[in-house]
Amino acid sequence: MPIDFELSAEQKELQELARRFARDVMAPRAAAADHSGEFPEDVYREAWKLGLMNLNVATEYGGSGLGELDQCLITEELAAACGGMTTSISANCLALQPINIAGTSEQKERFLKPFCSDYHLASFALTEPGGGSDVAGMKTTIRREGDEYVVNGEKVFITNAPHASLYTLFATLDPALRHKGITALVVPRNTPGITPGKDEDKMGHRASSTSSLTFENVRVPVANRLGAEGEGFKIAMNTLDSTRTPIGALATGIARAALDHAAKYSLQRTSFGKPIAEHQAIAIKLADMVQKVDAARLLVWRSAWLADQGKPVPLESSIAKCFASDIAMEVCNEAIQVFGGYGYMREYPVEKLLRDAKLTQIYEGSNEIQRLVIAKELLKRVA
Amino acid sequence: MDILVCVKQVPDPETKLRVSPSGKTFDSDGVKFTINNTYDEATVEEALRMKEEFGFSALRVISVGPARAEEALRSALAMGADEAVLIETPRDMPLDPLLVARYLAAAATDIPHDLIMVGRQAQDDEAGAVGSALGEYLGLPSYSFVTELTPVPANHLLKMKRYVEGGEEVFSAPFPAVLSILKGSKDPRTPTLPNILKARKKPLKKIPVMDLEAKVANLPGGTRPTSETLAFTLPPPRAGAKMIEFQTPEEAADRLLKVLKEEAKVL
Amino acid sequence: MTLNCLVITDQRSGVLSASSLEAISEARRLVVKAGGGAVAIGLIGSGLSPVVEAVKGQGVQRIFLVDHADLKGFSASAYAQAAVRMVEKLPAPVAVLMPDTALGRELAPRLGARLGAATVTAVVEIVPSSLGGLDVKRKVFGGKATETVHTPSPVVMSLRPNSFAIESSSGGSPSVESVELGELPVHAKGLSVEKVISTRGDTPELTEAAIVVSGGRGLKAPENFVLVENLAKVLGAAVGSSRAVVDAGWRPASYQVGQTGKIIAPQLYIACGISGAIQHLVGITNSRCIVAINKDPAAPIFKIADYGLAGDALTILPALTRLVSQSKGLPDPR
Ligand SMILES: Cc1cc2nc3c(=O)[nH]c(=O)nc-3n(C[C@H](O)[C@H](O)[C@H](O)COP(=O)(O)OP(=O)(O)OC[C@H]3O[C@@H](n4cnc5c(N)ncnc54)[C@H](O)[C@@H]3O)c2cc1C
Ligand SMILES: Cc1cc2nc3c(=O)[nH]c(=O)nc-3n(C[C@H](O)[C@H](O)[C@H](O)COP(=O)(O)OP(=O)(O)OC[C@H]3O[C@@H](n4cnc5c(N)ncnc54)[C@H](O)[C@@H]3O)c2cc1C
């Protein structure tokens with residue numbers, strides 16, 4: 001059987017676990033956290049307790065070593081309850097992935113194990129004020145002094161930064177070297193000289209925390225370097241290749257939630273003497289929304305499945321992330337339209353979904369960058 | 001000292017019910033089955049407490065059902081049960097609660113059990129008949145609607161509370177026994193992701209129903225259901241309330257009592 | 001075609017339960033519908049003489065009695081043994097009826113298993129079938145659907161409380177026959193109940209009550225919930241609530257009616273200031289008659305109610321209470 005869309009019993013169980021957690025723990029808190037912008041850390045602790053964090057850490061270091069498809073199944077369920085919480089919950093996967101990819105077994109032992117035996121957050125520190133898309137243009141520098149590197153510079157938009165105990169930091173030996181100078185370091189939060197900035201006031205994903213991080217003469221042991229000097233760019237790109245597909249799943253979850261809300265509402269709300277679902281204009285909207293959500297999920301599953309087969313997926317993961325996040329915007333937008341004026345009110349859940357969906361087009365590689373990659377891969381194949 | 005818990009996989013309570021083409025049951029096509037009956041989850045939790053606090057050794061779970069019922073058993077294993085047994089039926093095998101109890105009894109004779117625990121009823125058929133029937137087939141006492149359970153293993157005694165209309169009875173009784181649990185003392189735990197993965201490696205034995213038929217045939221009632229389902233029907237939609245017009249609260253009260261007495265005849 | 005019915009009653013609390021009277025009434029009706037036969041009442045327990053007197057006037061032909069010290073506390077195994085002895089005294093076809101109380105729900109399957117008989121619990125309707133045997137209806141899926149089951153003889157049924165009308169009878173002078181219990185297995189001997197903790201106030205049990213008055217968030221404040229309780233008191237009704245009331249801590253969880261609370265089927269359900277969320281409705285759709293009092297004429301509760309009052313529960317409730325207590329000659333509970 002070359003293709004099989006049936007999930008295994010185990011996958012269904014993981015999905016059910018995530019669905020339950022999303023329904024019982026996340027969903028009841030989503031609206032309030034969105035309004036207040038609080039960081040619901042008790043929810044994240046609970047997620048950790050159930051094993052819903054650090055999904056990509058190998059079993060030998062105490063993790064569950066899940067493949068990408070499993071991660072995507074879980075992420076979609078969580079995101080259907082709250083995109084912001086899901087971003088904060090899955091940020092550990094992003095931050096720890098460079099260690100999975102390039103860490104020595106000693107480093108894995110030292111850095112990954114504590115995350116599996118206790119609740120901790122980690123952040124992936126790549127983006128800089130001068131530019132996120134142009135990674136090679138980064139300005140944060142490292143300078144070697146004996147057994148240490150000295151770090152200076154600023155990162156922005158770093159998820160969970162003030163709450164994290166560990167950072168995977170990308171900095172350059174010399175900006176002039178462009179991507180050849182970039183080096184990855186693991187930096188514990190308590191290292192002197194690190195200052196997280198204020199929590200940014202965001203449009204969406206308000207239950208997540210995002211802030212800048214400044215490094216002032218921060219001394220990091222050479223033993224904390226991942227890979228060789230100058231390998232950081234590759235490590236960052238490989239990391240994003242593996243976390244891009246789950247972002248597609250996150251966007252799919254948001255879109256699915258919007259579709260569910262809209263479909264239910266269309267049966268309850270009446271106008272001109274019948275449920276609005278019976279007006280064709282609304283029914284057709286719903287039909288279009290279903291197609292988009294389904295297509296997004298299938299693209300996500302394909303990319304994840306290929307990755308689980310050990311295949312490189314720069315193209316497929318970009319397609320999945322880009323498509324899912326674009327349709328998430330469209331579907332959330334239409335869901336608000338189905339709700340009419342109520343949809344525009346913050347008391348109803350759909351306007352939040354639109355605000356949350358928007359981020360998925362921007363972070364982990366903007367959709368413009370994804371399209372560049374897709375076109376480049378396409379042309380490479382036909383050339 | 002071993003515990004055996006009977007679990008049943010049931011349709012998700014949110015499922016929109018449809019009548020099957022035969023008209024005799026609900027249409028299970030496309031229906032999402034939940035992992036477990038909630039009453040059974042409470043029972044598994046209570047059984048785990050017996051293990052953790054009172055020194056019971058093994059906790060096994062058993063279910064009668066089609067292949068998909070394995071999911072319910074895996075979920076119980078993920079909660080912490082040690083082993084599972086699925087008495088596997090063909091998908092559309094007609095069953096009634098007492099026939100289920102006979103299959104359970106037939107299988108239980110080969111499974112060590114000092115305590116057998118069942119949930120008060122299944123969420124779907126709501127029959128609540130398996131527990132005491134199982135007690136009968138196995139020649140064990142049964143205690144139903146148990147709300148509090150404290151074993152005294154040294155004396156093979158259970159101190160219990162059980163629900164009765166208007167209150168609870170406090171009593172002690174011997175085990176081995178079959179208990180139907182009305183409510184446990186704790187909310188059922190959610191299986192963690194690592195435990196879900198570990199549950200895959202715990203033993204799950206499948207016994208085809210055929211293998212038990214000889215034993216079941218010897219029990220009163222035998223291998224066939226003793227009743228036959230004729231129809232499964234959904235209620236017609238209610239038409240909507242007859243609104244009673246009034247000016248003052250007194251008038252509202254007067255008119256309402258009048259229709260309740262004279263028209264609805266419920267007072 | 002004839003049918004002989006045995007009604008096992010529930011007098012666990014010392015008095016005959018109302019649900020037992022329902023079962024007796026239904027047995028009498030069944031025998032008539034089936035075209036003849038006898039109704040016997042089976043009394044099982046210890047110290048039963050007052051109950052014997054109470055059922056003598058129930059218009060039945062026979063009373064079987066197993067009055068034994070070992071039967072003081074309820075043991076399904078022991079009671080099933082007593083019931084089997086009674087069934088043996090009736091010519092086929094036989095139907096055994098009992099109320100679907102905690103006792104009946106445990107005893108019926110045990111007895112059915114012993115007899116190899118068809119067994120149906122929580123029955124809401126019984127009709128003799130033209131093919132012989134009975135067609136029996138029961139509610140499934142939280143009351144969302146009805147299952148019809150055909151049962152041959154013998155059959156054991158537990159009847160859901162408040163589902164069958166109680167009809168007073170013309171009396172009759174039944175024979176009272178003592179039935180031999182025989183030797184009980186050791187585990188079934190003399191189950192002794194140390195004590196009974198009552199959770200019953202002066203209102204009936206929610207799931208057994210013929211009338212239930214329920215309050216929701218529309219009552220606005222915990223103090224106002226007494227308006228619901230006052231009406232319940234004069235009606236002899238049980239008190240229920242929506243989850244919103246429980247969540248707000250106005251009343252304990254045992255009051256909650258609905259999907260995650262109690263599923264009830266009273267003759268009359270009065271919902272006051274309850275919007276009618278689907279989770280609530282699941283718990284009440286089997287009520288015979290639903291009355292809704294709600295300020296909002298568009299509240300979903302009116303879609304499933306039989307009678308609606310679009311108005312303020314805070315003023316209508318006291319008026320109802322006054323009127324009911326006047327008509328019953330009771331003092332106004334205010
Ligand atoms: C809530 C939130 C959380 C985040 N979390 C993290 C995190 O944890 N760690 C981290 O490192 N980063 C994080 N980011 C940063 C995020 O990845 C960047 O914002 C993103 O990569 C875009 O970078 P930028 O904002 O600098 O935009 P720019 O790179 O300045 O881009 C601006 C616009 O120009 C477009 N553009 C840029 N270059 C090209 C090109 N070559 N061709 C066509 N169009 C182009 C972009 O698509 C975009 O539309 C987060 C961002 C947000 C908003
Ligand atoms: C998993 C789950 C399970 C649930 N299970 C249950 C359950 O078992 N039982 C249950 O009840 N709910 C349950 N719920 C909750 C349910 O969804 C509703 O939230 C709840 O029933 C609402 O209670 P309510 O009708 O009292 O409050 P509201 O919905 O707030 O309704 C109050 C009503 O009072 C009316 N009102 C206001 N003022 C007055 C006045 N002065 N006079 C008359 N009317 C007035 C209003 O018009 C309104 O219709 C569950 C929810 C979930 C998610």
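**Close-up views of a predicted model**

**Figure 1. Two strands of chain C run side by side.** Let us start with S14(C), residues 289-294, and S15(C), residues 307-310: the two strands run parallel and are joined by four bridges. Within this pairing, Val291(C) of the first strand faces Tyr307(C) of S15(C). Please keep in mind, here and in every view below, that the model is predicted.

**Figure 2. The pair belongs to an open sheet built from chains B and C.** Six strands with parallel pairing follow one another in the order S11(B)-S15(C)-S14(C)-S13(C)-S11(C)-S12(C). At the edges are S11 (242-243) of chain B and S12 (238-241) of chain C, each of which pairs on one side only. Helices also meet this sheet. Helix H7 of chain B, residues 249-262, lies across S13 (268-272), S14 and S15 of chain C, and makes an angle of about 175° with S15(C). From chain C itself comes helix H5, residues 225-235, which packs on the sheet and touches S11 (211-215), S12 and S13 of that chain. The direction of H5(C) makes about 175° with that of S11(C).

**Figure 3. Strand S1 of chain C is covered on both faces.** Residues 4-8 form this strand, and five of its five residues are buried. Which residues lie on each side of S1(C)? Asn4(C), Leu6(C) and Ile8(C) are on one side, while Cys5(C) and Val7(C) are on the other. This fits a broader pattern: side chains in a regular strand alternate between the two faces of the sheet. S1(C) has two partners to look for. Four bridges link it in the parallel sense to S4(C), residues 94-99, with Asn4(C) opposite Val94(C). Another four bridges, again parallel, link S1(C) to S2(C), residues 39-45, and there Leu6(C) stands opposite Ala40(C).

**Figure 4. The largest nonpolar core brings 83 residues together.** Met26(A), Leu52(A), Tyr143(B) and Leu179(B) are the residues with the most contacts inside this core. Helix H1 of chain A, residues 9-36, gives the most to it, with eight residues. Such gatherings are a familiar sight, as nonpolar side chains tend to be buried together in soluble globular proteins. What does Leu52(A) touch, leaving out residues up to four places away in sequence? Its contacts are Leu17(A), Ala18(A), Phe21(A), Ala47(A), Ile74(A), Leu78(A) and Ile89(A), together with Leu193(B). Another core lies apart from the largest one and has 38 residues, including Ala253(B), Leu257(B), Val259(B) and Val266(B).

**Figure 5. Helix H7 of chain A spans the distance expected of it.** Why does the span of H7(A) agree with expectation? This helix covers residues 280-308, and at 1.5 Å a residue its 29 residues should span 42 Å; the end C-alpha atoms are indeed 42 Å apart. Among its buried residues are Ile282(A), Leu286(A), Met289(A), Val293(A) and Trp301(A), and also Lys285(A) and Arg297(A). The buried residues of H7(A) pack against three helices of chain A, namely H3 (68-81), H6 (232-268) and H8 (314-339). After the helix comes Gly310(A), which has a positive phi near 85°.

**Figure 6. Chain B in outline.** Seven helices and 11 strands make up the helix and strand count of chain B, and 57% of its 267 residues count as buried. Its C-alpha atoms fill a box of roughly 70 × 45 × 45 Å along the principal axes. The chain is divided into domain 1 (2-217) and domain 2 (236-267), and 45 Å separate the C-alpha centres of these two domains. For contacts between residues at least 6 apart in sequence, 69% join residues at least 24 apart.

**Figure 7. Two residues of chain C, seen in their surroundings.** Gly104(C) is part of helix H4, residues 102-115. Is Gly104(C) buried or exposed? Its relative accessibility is 0%, so Gly104(C) counts as buried. Beyond its neighbours within four places in sequence, Gly104(C) is in contact with Met98(C), Pro99(C), Pro109(C) and Ser158(C). Ala76(C) is 28 residues away from Gly104(C) in sequence, and their C-alpha atoms are 9.0 Å apart. The other residue, His280(C), sits in helix H7 of chain C, residues 278-281. With a relative accessible area of 6%, His280(C) is buried too. Setting aside residues up to four places away in sequence, His280(C) touches Ser241(C), Ser242(C), Val257(C), Gly258(C), Tyr269(C) and Ile274(C).

Definitions and conventions. Residues numbered from 1 in each chain as written. Chains lettered and ligands numbered in written order. Predicted model: local features only at pLDDT ≥ 70, side-chain atom pairs only at ≥ 80, totals over all residues. Heavy atoms only, no water. Pairing = 2+ DSSP bridges. Contact = heavy atoms within 4.5 Å. Axes fitted to C-alpha atoms, helices over the stretch in contact; angles between N-to-C directions. Core = buried A, V, L, I, M, F, W, Y, C linked by side-chain atoms within 4.5 Å. Buried < 20%, exposed > 50% of the residue type's maximum accessible area, 1.4 Å probe, protein only. Expected span 1.5 Å × (residues − 1). Domains from an automatic or database assignment.
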